[in-house]
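Please open the model in your viewer and keep the sequence panel beside it. The tour moves from one selection to the next, with a short account of what is found at each stop.

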Amino acid sequence: MEREKPEIVHGLASQTKKGEDFTLLKTDCQRTMGDGVTTFSVFGLFDGHNGSAAAIYTKENLLNNVLKAIPTDLNTDERVAALPRALVAGFVKTDKDFQEKEKISGTTVTLVIIEGWVITVASVGDSRCIFDSADGGIYLSADHRLECNEEERERITASGGDIGRLNAGAGTEIGPLRCWPGGLCLSRSIGDRDVGEFIVPVPYVKQIKMSSAGGRMIISSDGVWDALSAEAALDCCRGMPPDAAAAQIVKEALQADGLRDDTTCIVIDILPQEKPAAPPTPPKKIIKRMLMSLFRKKSSESSSHSDKKYKEPDEVEELFEEGSAMLSKRLDTKYPVCNMFQLFICAICQLELKPGEGISVHADSSSCQWDGPFLCSSCQLKKEAMEGKTPLEGHGALCPFTANNPDESILPVQRSVLKCV
Ligand SMILES: [Zn+2]
C-alpha cells in the first residue's frame with residue numbers, strides 16, 4: 001500500500017555578487033507515463049563561473065534532456081530505477097550541446113527530482129545538497145573540488161590534465177588546487193570546454209526513499225558551505241518555514257564570511273499530508289552521522305521475507321548511489337535492456353540509430369563489444385574525449401562534434417554492429 005504523496009513547500013534566498021547563480025523551482029510537473037499521469041517536483045541550483053552562459057543554458061535545457069532519456073512506457077518503480085541513468089545521459093547531452101555553442105563559461109549543477117517519497121539528486125561541482133530527517137542527516141551530493149577529492153585528481157591527471165596551485169612568484173604557491181590550463185578548482189561541471197574535456201559532466205547520483213516523517217532539504221552554492229557547516233546551516237533555521245529558513249542561512253553565511261561570492265540557498269520541506277503545518281524538528285542525534293556522510297544501510301539479511309514483518313519498515317532507505325566518471329559503468333543497467341531502453345536510440349542524445357550505426361558503450365574495453373547500450377558516433381567521440389583518449393587540438397580549439405567536421409579518421413575505436421538480443 002503506497003503512502004499518500006507528501007506535501008512539498010520550498011523557500012529561496014539569494015545574495016548576488018557576480019550574478020552567476022541561477023535556480024530552477026518547479027512543483028507539480030506532470031507527465032503522462034506508462035501507468036498514468038505522474039506528478040513530480042524539480043529543484044535546481046546552477047552556480048556559473050567564467051560567465052553565466054553555461055548556467056543559463058543548463059537551467060533552460062537540462063531537465064528536458066533528462067526527461068527525454070526516460071522511456072515513457074515505464075511504471076513508477078521502473079521509472080525510479082531508470083532515473084539515475086537518464087540523469088547521466090541528460091547531463092552529458094546538455095554539456096555536449098552547450099560546448100557546440102560556446103567556448104567558455106561553466107556551471108555547477110545540483111538537480112533534485114522528488115516523485116512521491118523518492119528523492120533523486122544529481123550533482124557536478126561544489127554546490128551541496130543535504131537532507132535532514134528523524135533518521136539523521138546525510139549528504140545527497142558529492143564534492144567535486146579538486147582540493148578534497150583525490151580520486152578525481154587521479155582521474156584528471158591520467159586523462160592529461162595538470163593539477164597544481166596558483167604560483168604567486170618566487171616559488172610560493174597559494175590557494176586551492178586547480179586544473180591547468182584554465183585554473184578551475186572543480187573536477188566536474190557542465191561547460192568549461194576551454195579547460196579540457198576531462199572536466200566531465202557525469203553527475204554523482206544519489207537516490208533515497210524517505211520515511212513517512214519526511215524531512216528538510218537544503219541546497220546551497222559554495223558561498224554558504226564555505227561559511228557554514230551542514231550542522232550549522234540546519235541548526236540556525238530549525239522550526240522556521242522554508243522561506244525564512246533560506247533567508248536565515250544566507251544571513252548567517254554572510255555574517256560569517258561577508259559577501260565574497262554569489263550566495264544562494266533553497267530550503268525544501270517534505271511533509272506528510274496529515275500535519276502540513278508542522279515543520280520537521282529532528283532530534284540532535286543526527287550530527288555525528290552527518291559528519292560521516294554515511295547512511296544506515298540495511299543488511300541483506302534484514303530484507304529477507306521472514307524478517308520483514310519484524311523490521312521497523314518506516315525509515316529512510318538508500319535506493320541508489322554512484323559517482324563514477326566512466327560512462328560504460330553509468331549507462332549500463334541491470335534491467336533488461338530491450339524492455340527498459342530502446343536499442344536503436346543513442347543512450348546519450350536519444351538520436352535514432354540506423355542498423356550498424358551504433359557503437360557499444362563498452363567498445364573500448366576488451367569484452368562485451370556487442371552489448372548495448374549504444375552511442376551515436378558523435379557521442380562516442382565525446383566519451384573518448386572525456387576519458388582522455390581523443391586528443392583535441394589546443395584543448396577545444398577544434399570542435400569535432402559539428403556537422404562541418406565529420407572527421408571519421410579520429411574515431412579511435414572499432415565499430416560494433418548494432419544487434420538486439
Ligand atoms: Zn548521441
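Begin by selecting Gly164, which counts as exposed because 12 C-beta neighbours lie inside 10 Å of it, and 12 or fewer is the cut-off for that class. Bear in mind from this first stop onwards that the model is predicted. Gly164 belongs to strand β8, residues 162–167, and, once its neighbours within four places in sequence are left aside, its contacts are Leu177, Arg178 and Trp180. If you then add Gly183 to the selection, you will find its C-alpha atom 8.6 Å from that of Gly164, although 19 residues separate the two along the chain.

**The whole chain**

Now zoom out to the full chain of 421 residues, of which 41% are buried. The fold comprises 11 helices and 16 strands. Of the contacts between residues at least 6 apart in sequence, 69% join residues that are at least 24 apart.

**Strand β4 and its partners**

Next, select residues 106–115, which make up strand β4; nine of its 10 residues are buried, so the strand is mostly covered. Which strands pair with β4? One of them is β3 (residues 36–49), which runs antiparallel to β4 over nine bridges, and here Ser41 has Ile114 as its bridge partner in β4. Another is β5 (residues 118–124), joined to β4 in the antiparallel sense by seven bridges, where Ile113 is bridged to Thr120. β10 (residues 190–191) is also antiparallel to β4, with two bridges, and Gly191 is the bridge partner of Gly106. While β5 is still on display, look at the hairpin that it forms with β4, in which two residues lie between the strands and Gly116 in the turn has a positive phi of about 60 degrees.

**The nonpolar core**

Stay with β5 and select Ile119, whose contacts, leaving aside neighbours within four places in sequence, are Val112, Ile114, Phe131, Leu140, Ile208 and Met210. Ile119 is also one of the residues that touch the most other members of the largest nonpolar core, a group of 93 residues, together with Val112, Ile249, Cys265 and Leu375. To see which helix gives the most to this core, colour residues 76–101, helix α2, which supplies eight residues.

**The five-stranded sheet**

For the next stop, show the open sheet whose five strands follow the order β1-β13-β12-β6-β7 with antiparallel pairing. Because β1 (7–15) and β7 (136–139) stand at the edges with a single partner strand each, one side of each is left without a neighbour in the sheet. From one strand to the next the twist averages 15 degrees. Within this sheet, β1 and β13 (residues 263–271) pair over nine bridges, and Gln15 can be picked out with its bridge partner Thr263 in β13. Then add helix α6, residues 242–257, which lies across β1, β12 and β13 and runs at about 30 degrees to β1.

**Where to read with care**

Finally, colour the chain by pLDDT, which averages 82, with 78% of the residues scoring at least 70. Select residues 285–311, where pLDDT stays under 50 and the model has 21 contacts beyond four places in sequence. Residues 336–340 also have a pLDDT below 50, with 10 contacts in the model beyond near neighbours in sequence. Where pLDDT is low, the predicted coordinates should not be read in detail.

Methods: Residues are numbered from 1 along each chain as its sequence is written. This is a predicted model: local features need pLDDT of at least 70, side-chain atom pairs count only at pLDDT 80 or more; totals for chains, interfaces and linings use all residues. Two strands pair if DSSP finds at least two bridges between them. Helices (H or I, at least four residues) and strands (E, at least two) are DSSP runs, numbered from the N terminus. Axes are lines fitted to C-alpha atoms, for helices over the stretch in contact, and angles run from 0 to 180 degrees between N-to-C directions. Two residues are in contact if their C-beta atoms, placed from the backbone, lie within 7 Å. pLDDT is the predictor's confidence in each residue, from 0 to 100. A nonpolar core is a set of buried Ala, Val, Leu, Ile, Met, Phe, Trp, Tyr and Cys residues joined through C-beta atoms within 7 Å. A residue is buried if 20 or more other C-beta atoms lie within 10 Å of its own, exposed if 12 or fewer, and partly exposed in between; C-beta atoms are placed from the backbone.
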